[in-house]
Amino acid sequence: MNELVLAWQQDVLLFIKEWNSNVIFITLASFVAWIVWRLVYGRLEVLVEKTHFHWDDLVLSALKTPVSTLIWCWPATISLGFVLQEQTDSNLNWLSTLKHFLVVGIFIWIVMRLISNVEEYILKQKKRDETTVQAIAKVTRLFFVVIGALTVVQTFGLSLSGLLTFGGVGGLVVGFAAKDLLSNFFGGMMIYFDRPFKVGDWVRSPDREIEGTVERIGWRMTIIRTFDKRPLYVPNSVFSSIVVENPSRMLNRRIHENIGIRYDDSTKLEPIANDIKSMLQNHPDIDAKQTLIVNFNGFAPSSLTIMVYTFTKTVNWIRFHKVKQDVLLQILDIVHRHGADIAFPTQTLKIDANQTPLIGPDE
């Protein structure tokens, strides 16, 4: 019995002595580390929910999956090295490179998740311009991807100076081959920086048959939903060569109408115009601070024209037409109150009774 206990103790001591080469022990250690991380994460999650500062929630959420992946993958590379070393009896220097690649990849993953979380959080607040937030997020992602790619290249032993030199020469070739792609890319950057429109704006171009609501501004193209609900895909380079109108940024909408009054009601023109102007000045949906004109404007073939020129407070298309309808109905009521009426096309034929009818030579 004592011999069995002694043998068992020797096996345990040998196992502990060679724990770093034992794959099973490393796997169990990874499992324990993962359990500890889950417990720590759960505790931190409870703590950050009690704070009014939301950025700690975003950071913790970004760390969750990448850290778990690192806990499993890092020991896995060590175990893989032990197994291959025992089988091949060779020096596995590439495993250290793999570890560096793993660390860089996990770091970039965490940063990407954090950027996405911050972007989503800011957009939910609706306090910032959506297009600007998306642009900053895209540029930040691109920056960290480039940094990560350069770090990986350097980890593999490639010279960055030589790579940059090659890139300078090769960039010219790629630039000529992909000039349309690059022009669309820089066109998208100009949209982000100049901000002629943003997602949700109504835009149209008098130069092209482009009109609708902006749905998405991408690196290569912008998606516009037309008013008949068709998607319109416009390359970003197009916007650098056309005029773009953004009606969504109007401060007011204009009402410009010519009201025709009968010639028989010429004596009532001035009081009608005065009452229309007074009505517009006191209308709750008319911006009286803007240009407001109500005047007799000319002699039309069948009517005396009163020009009505004013601006509504609303810029909403549907609300504007409701206000315009109300204004026109009140104008019609004012005209009728003065005993006048709206003119309609008429034609007067005058016959001279004293004119001798023409008689042909045979009669």
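The second largest pocket of this predicted model holds about 210 Å³ of space. Eleven residues form its lining, and the ones nearest the centre of the pocket are Ile115, Val118, Glu119, Ile136 and Ala137. Two helices, H4 (94-125) and H5 (130-155), each put at least two residues into this lining. Helix H4 hands over the largest share, with 6 residues. Sorted by class, the lining of this second pocket comes out as 8 nonpolar, 1 polar and 2 charged residues.

Next comes the largest pocket, with about 250 Å³ of space. Its lining draws on residues from several stretches of the sequence: Gly200, Asp201 and Trp202, then Thr213, Phe227, Pro247, Ser248 and Arg253, and finally Val315, Asn316, Trp317 and Ile318. The mix of classes here is 6 nonpolar, 4 polar and 2 charged. Asp201 and Arg253 are the charged pair in that lining. Trp317, another lining residue, is also where helix H9 (317-337) begins, while Arg253 of the lining opens strand S5 (253-261).

Zooming out for a moment, the protein chain is built with 9 helices and 7 strands. Of its 363 residues, 30% are buried. The chain exposes about 24600 Å² of surface, and carbon and sulfur atoms supply 61% of that area. As for how the chain folds back on itself, take the contacts between residues at least 6 apart in sequence: 64% of them join residues at least 24 apart.

Now for the inside. The largest nonpolar core contains 22 residues, and Ile276, Leu280 and Val327 are the ones that touch the most other members. Two strands and two helices each give two or more residues to this core: strand S5 (253-261), helix H8 (269-281), strand S7 (304-312) and helix H9 (317-337). Ile276 shows what such a position looks like up close. Setting aside neighbours within four places in sequence, Ile276 is in contact with Val294, Val308, Ile331 and Ile334. A second core, separate from the one just described, has 14 residues, including Val203, Val214, Phe239 and Ile242.

Helix H8 also carries Glu270, so is that residue buried or exposed? Glu270 has a relative accessible area of 59%, and because the cut-off for exposed is over 50%, Glu270 counts as exposed. Val294, one of the contacts of Ile276, turns up again here: Glu270 and Val294 sit 24 residues apart in sequence, with 10.0 Å between their C-alpha atoms.

Earlier in the chain, Ala62 is a resident of helix H3 (residues 55-88). With a relative accessibility of just 1%, Ala62 falls under the 20% limit and is therefore buried. What does Ala62 touch, apart from neighbours within four places in sequence? The contacts are Ile110, Arg113, Leu114 and Asn117. A related pairing is that of Ala62 with Trp109: these two are 47 residues apart along the chain, yet their C-alpha atoms are separated by 8.5 Å.

Helix H2 (residues 23-49) offers two more residues to look at, and one of them is Val32. Val32 is partly exposed, with a relative accessible area of 49%. Along the chain, Val32 and Ile71 are 39 residues apart, and 9.8 Å separates their C-alpha atoms. The other residue in helix H2 is Glu45. Glu45 has a relative accessible area of 33%, so it lands in the partly exposed group, between 20% and 50%. Measuring from C-alpha to C-alpha in the model, Glu45 and Ser61 are 8.7 Å apart in space and 16 residues apart in sequence.

One last spot is worth a look for its backbone. Lys229 has a phi near 70°, which is a positive value in a residue other than glycine. Where does Lys229 sit? It is in the loop between strand S3 (221-225) and strand S4 (231-235). With a relative accessible area of 63%, Lys229 is over the 50% cut-off and so counts as exposed.

Definitions and conventions
Residues are numbered from 1 along each chain as its sequence is written. This is a predicted model: local features need pLDDT of at least 70, side-chain atom pairs count only at pLDDT 80 or more; totals for chains, interfaces and linings use all residues. Side-chain values use heavy atoms; hydrogens and water are left out. A nonpolar core is a set of buried Ala, Val, Leu, Ile, Met, Phe, Trp, Tyr and Cys residues joined through side-chain atoms within 4.5 Å. Buried means under 20% relative accessible area, exposed over 50%, partly exposed in between (1.4 Å probe, protein chains only). Helices (H or I, at least four residues) and strands (E, at least two) are DSSP runs, numbered from the N terminus. Contact means heavy atoms within 4.5 Å. On a 1 Å grid over the protein atoms alone, a cavity is a set of points where a 1.4 Å probe fits but cannot get out, and a pocket is an open set with protein on both sides within 12 Å along at least five of seven lines; lining residues have an atom within 4 Å of a point. Grid points are joined across faces, edges and corners, and a volume is the space filled by probe spheres set on the points. Accessible areas come from the Shrake-Rupley method with a 1.4 Å probe; for residues, only the protein chains shown count as cover.
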